[in-house]
Every structure is written in C-alpha cells, then in structure tokens.
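Here is a set of short questions and answers about one protein model. Each answer sets a value against a rule and concludes.

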Amino acid sequence: MQQRHVRFFGGLISIVLFAAFSVFISGCKFQPGWGYNKGYSPEQPIPFDHSVHVGKHNIQCQYCHNQVERSTHSNIPALSTCMNCHMQVKTDSPHIQKMRDAYDSGKSVEWVKVHMLPDHVRFNHGAHLKKGVNCQTCHGAVETMSRVTQQADLSMGWCVNCHRQPENNAPLNCTTCHY
Ligand code: HEC
Ligand code: HEC
Ligand code: HEC
Ligand code: HEC
Ligand code: HEC
C-alpha cells in the first residue's frame with residue numbers, strides 16, 4: 001500500500017515538473033535563427049570557399065577548426081591561420097587584400113554564423129567525434145560547398161533519432177541536452 005502511494009506521488013511530481021519545464025522552454029522558443037533552418041546559407045563578408053580549400057587543395061578540417069575536438073564549440077579560424085598561406089597565395093585578389101588590411105590593423109572578419117542551437121540546448125562536438133561520428137554526418141559534404149549551407153534541421157527529433165539508434169546507444173534523458 002505505502003509503496004504504491006510513493007510511486008503515485010513520484011509519478012505525479014514528474015508530470016508536474018515535466019509540464020513546468022515544457023512551459024518554460026516553450027516561452028523561450030519564439031526566436032528567429034534557430035532550429036528548422038535547414039538550407040540556411042548566409043552570404044559571408046569574404047567569399048570563403050570550402051570546395052576550393054578542402055575539395056581542391058585538401059586542407060584538413062582541423063587545420064582551421066582546430067578546437068573542434070577539445071571544446072564545446074568548434075571555432076572559426078583566426079585571420080593568422082589564413083595568412084599562413086595568403087601572405088603569398090593570391091595576393092592580387094581584392095578579397096585577399098581586404099583580409100590582409102584587416103590582419104595588418106589587428107581586426108577580424110565578422111563571419112556570419114550558420115548553425116545555431118537555442119541557448120537551452122547543450123551540444124558538444126568532442127563527445128561525437130570521440131565516438132567516430134564524422135563532420136559530414138551532421139554538416140553534409142562541406143568539401144563540395146562554395147558557401148556553407150546548413151544540411152540538418154537541428155531539431156530535437158534529429159538529435160534524438162540518432163541517439164536512439166542501437167549502435168549509438170547515446171543518452172536520451174532530457175538533461176543530456178537541456179540545461
Ligand atoms: C582553410 C580553413 C578552413 C578549412 C580547411 C575548413 N573550414 Fe570550415 N570554415 C572556415 C571559415 C573561415 C568558416 C566561416 C565562413 C563560412 O561559413 O564559410 C567556416 C565555416 C564552417 C562551418 C559553418 C560554421 C557555422 O557558422 O555554423 C562548418 C560547419 C564548417 N566550416 C565545417 C568544415 C568542415 C567539415 C571542414 C572539412 C571538410 C572544414 N570546415 C574545413 C574555414 C575552414
Ligand atoms: C594552406 C593554405 C591556405 C590557407 C590556410 C587558406 N587558404 Fe585561401 N586559398 C588557398 C589557395 C591555394 C587558393 C587559390 C585556389 C585556387 O585558385 O585554386 C585560395 C583562395 C582563396 C580565396 C579566393 C581568392 C580569389 O579571389 O580568387 C579566398 C577568398 C580565400 N582563399 C580565403 C581564405 C580564408 C578566409 C582563409 C582562412 C580561413 C584561407 N583562405 C586560408 C590556400 C589557403
Ligand atoms: C553530431 C553532429 C555534429 C558533428 C559530428 C559535427 N558537428 Fe559541427 N555543429 C553541429 C551543431 C549541432 C552545431 C551548432 C552548435 C551550436 O549552435 O551550439 C555545429 C556547429 C559547428 C561550427 C560553428 C561553430 C560552433 O561550434 O557553433 C563549426 C565550425 C563546426 N560545427 C564544424 C564542425 C567540424 C569541422 C566537424 C568535424 C570535425 C563537425 N563540426 C562535426 C553538429 C555537428
Ligand atoms: C549522427 C548521430 C548523432 C546526432 C545527429 C546527434 N548525436 Fe549526440 N551523440 C551521438 C553519439 C554516438 C554520442 C556518444 C554517446 C557516448 O558517448 O556513448 C552522442 C553524445 C552526445 C552528448 C554527450 C553526452 C555525454 O556523454 O556527455 C550530448 C550532450 C549530445 N550528444 C547532444 C546532441 C545534440 C543536442 C544533438 C542535436 C543538435 C545531437 N547530439 C545529435 C550521436 C549523435
Ligand atoms: C539528444 C538531445 C536532446 C534530448 C535528449 C532532449 N532534447 Fe529537447 N531539444 C533538443 C534540441 C536540439 C531542441 C531545439 C530544437 C527544437 O526545438 O526542436 C530541443 C527543444 C526542446 C523543447 C522546445 C520545443 C520547441 O518547440 O521549441 C522542449 C520543450 C524540449 N526540448 C523538451 C525536452 C524534454 C522534456 C526532454 C526529455 C524527455 C528532451 N527535450 C530531450 C535536444 C534534445
């Protein structure tokens with residue numbers, strides 16, 4: 001008898017917490033720019049082309065996105081990484097001259113962010129790469145893209161469907177992905 005009551009109230013509390021959480025989260029969601037942005041491909045201040053750098057010249061992703069395994073966020077490379085080559089390469093290009101001017105005056109390029117999760121979602125590149133999920137599984141064939149385009153919708157369903165695959169056996173509890 002006693003135990004059934006405990007279980008009943010335990011269940012009730014979970015439902016109330018779940019409902020409260022859902023209401024809280026849905027209050028935060030009406031913001032443009034995140035989730036369901038499949039196909040988003042903003043113009044960048046400098047027309048950086050992955051298909052040239054990765055596809056044609058075989059530069060590895062991590063040469064530029066060198067924080068991707070270590071930190072929660074991947075990084076866009078600093079201009080100094082670009083200037084390793086572009087002090088010599090294509091110096092006659094107006095885009096390269098623009099980069100060089102910014103570099104010489106200590107400025108950076110204001111790249112427009114393509115992928116964006118809402119603040120209530122926790123994501124970690126390192127955990128995925130460690131399990132052998134490669135960049136293309138989530139970002140598509142970036143090495144063929146002249147301009148980066150978001151390939152996945154970044155919805156909760158997209159994350160959870162993959163976590164649920166038996167071979168992944170990845171965690172599904174809410175706090176894995178939500179603060
Ligand atoms: C020579 C440097 C360089 C290399 C190599 C490179 N990238 Fe990038 N990447 C950039 C720069 C600069 C940007 C920001 C401008 C843009 O979005 O095109 C970027 C943007 C991105 C974005 C979009 C980030 C956002 O705002 O959401 C993704 C995803 C990405 N790269 C994945 C890759 C993958 C995968 C590879 C390897 C197949 C790769 N990159 C190789 C320099 C590089
Ligand atoms: C490892 C060397 C290397 C690095 C690092 C590198 N690039 Fe390049 N980039 C090249 C080469 C080689 C070309 C010329 C490609 C071609 O014409 O075939 C090029 C071409 C370009 C062009 C086209 C120039 C034009 O007008 O034709 C732009 C813009 C550019 N790179 C931007 C960047 C940016 C931004 C970064 C840093 C995120 C970067 N590159 C890093 C080697 C590099
Ligand atoms: C499991 C899916 C997944 C894999 C694998 C993955 N990414 Fe991402 N990537 C994402 C998501 C989701 C975001 C948006 C993160 C955010 O907004 O907090 C993102 C964002 C980025 C960004 C923008 C900066 C940032 O962290 O927000 C870059 C650059 C990037 N990824 C590069 C890479 C590269 C390079 C690889 C492979 C070495 C890779 N990603 C592998 C899902 C993935
Ligand atoms: C292509 C499959 C795939 C996709 C898509 C994916 N994940 Fe994962 N995720 C995994 C795998 C595999 C692991 C590693 C599980 C393990 O360590 O055993 C993981 C682990 C994680 C972890 C780390 C859990 C821990 O152990 O700390 C977080 C957080 C996470 N994923 C969040 C997300 C979010 C948020 C998204 C969507 C934006 C997402 N994932 C999309 C496959 C995926
Ligand atoms: C593997 C990662 C992952 C797990 C596990 C996860 N979520 Fe999410 N959730 C997301 C992502 C990513 C979003 C943002 C994109 C979206 O709204 O679909 C999201 C969005 C939401 C939203 C907002 C929906 C909306 O329409 O804006 C709610 C509510 C939510 N999650 C509740 C939960 C609850 C409750 C659980 C546990 C049963 C859970 N989530 C487990 C990744 C996850």
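## Helices and iron sites

The axes of helix 4 (residues 79-86) and helix 5 (residues 94-104) come within 10 Å and cross at roughly 125°. The model is a predicted one.

Q: Why are helix 4 and helix 5 called oblique to each other?
A: Their axes cross at roughly 125°. Roughly perpendicular covers 65 to 115 degrees, and roughly antiparallel needs over 145. The angle fits neither class, so helix 4 and helix 5 are oblique to each other.

Q: Which residues make the contact of helix 4 with helix 5?
A: Helix 4 gives L79, S80, C82, M83 and H86. Helix 5 gives I96, M99, R100, A102 and Y103. Seven of these residues are nonpolar, two polar and one charged. The crossing itself is left-handed.

Q: What makes the site of the iron atom of ligand 3 octahedral?
A: Six donor atoms surround the iron atom, with angles of 87 to 179°. The class asks for opposite donors over 155 degrees apart and all others between 65 and 115. The arrangement is therefore octahedral. H125 (NE2) and H139 (NE2) coordinate this iron atom at 2.0 to 2.1 Å. H125 lies in helix 6 (residues 125-130) and H139 in helix 7 (residues 135-139), so the pair ties together parts 14 residues apart in sequence.

Q: How do you know that H50 and H65 are donors of the iron atom of ligand 1?
A: H50 (NE2) and H65 (NE2) lie 2.0 to 2.1 Å from the iron atom. A donor must be within 2.8 Å of the metal, so both count. H50 is in helix 2 (residues 50-56), and H65 is in the loop between helix 3 (61-64) and helix 4. This site is octahedral, with angles of 88 to 179° among its six donor atoms.

Q: What are the protein donors of the iron atom of ligand 5?
A: They are M156 (SD) and H178 (NE2), at 2.0 to 2.2 Å. M156 is in helix 8 (residues 156-164), and H178 is in the segment after helix 9 (174-177), 22 residues apart.

Conventions
Residues are numbered from 1 along each chain as its sequence is written. Chains are lettered from A and ligands numbered from 1 in the order in which they are written. This is a predicted model: local features need pLDDT of at least 70, side-chain atom pairs count only at pLDDT 80 or more; totals for chains, interfaces and linings use all residues. Side-chain values use heavy atoms; hydrogens and water are left out. Axes are lines fitted to C-alpha atoms, for helices over the stretch in contact, and angles run from 0 to 180 degrees between N-to-C directions. Helices (H or I, at least four residues) and strands (E, at least two) are DSSP runs, numbered from the N terminus. Angles under 35 degrees count as roughly parallel, over 145 as roughly antiparallel, 65 to 115 as roughly perpendicular and the rest as oblique. A crossing is left-handed if the near helix is turned anticlockwise from the far one by less than a right angle, and right-handed if clockwise. Contact means heavy atoms within 4.5 Å. Ala, Val, Leu, Ile, Met, Phe, Trp, Tyr, Cys and Pro count as nonpolar, Asp, Glu, Lys and Arg as charged, and the others, Gly among them, as polar. Donors are N, O and S atoms within 2.8 Å of the metal (3.2 Å for Na, K and Ca); water is not among the atoms, so sites may look incomplete. Four donors count as tetrahedral if all angles lie between 85 and 135 degrees; four count as square planar and six as octahedral if opposite donors are over 155 degrees apart and all others between 65 and 115; anything else is irregular.
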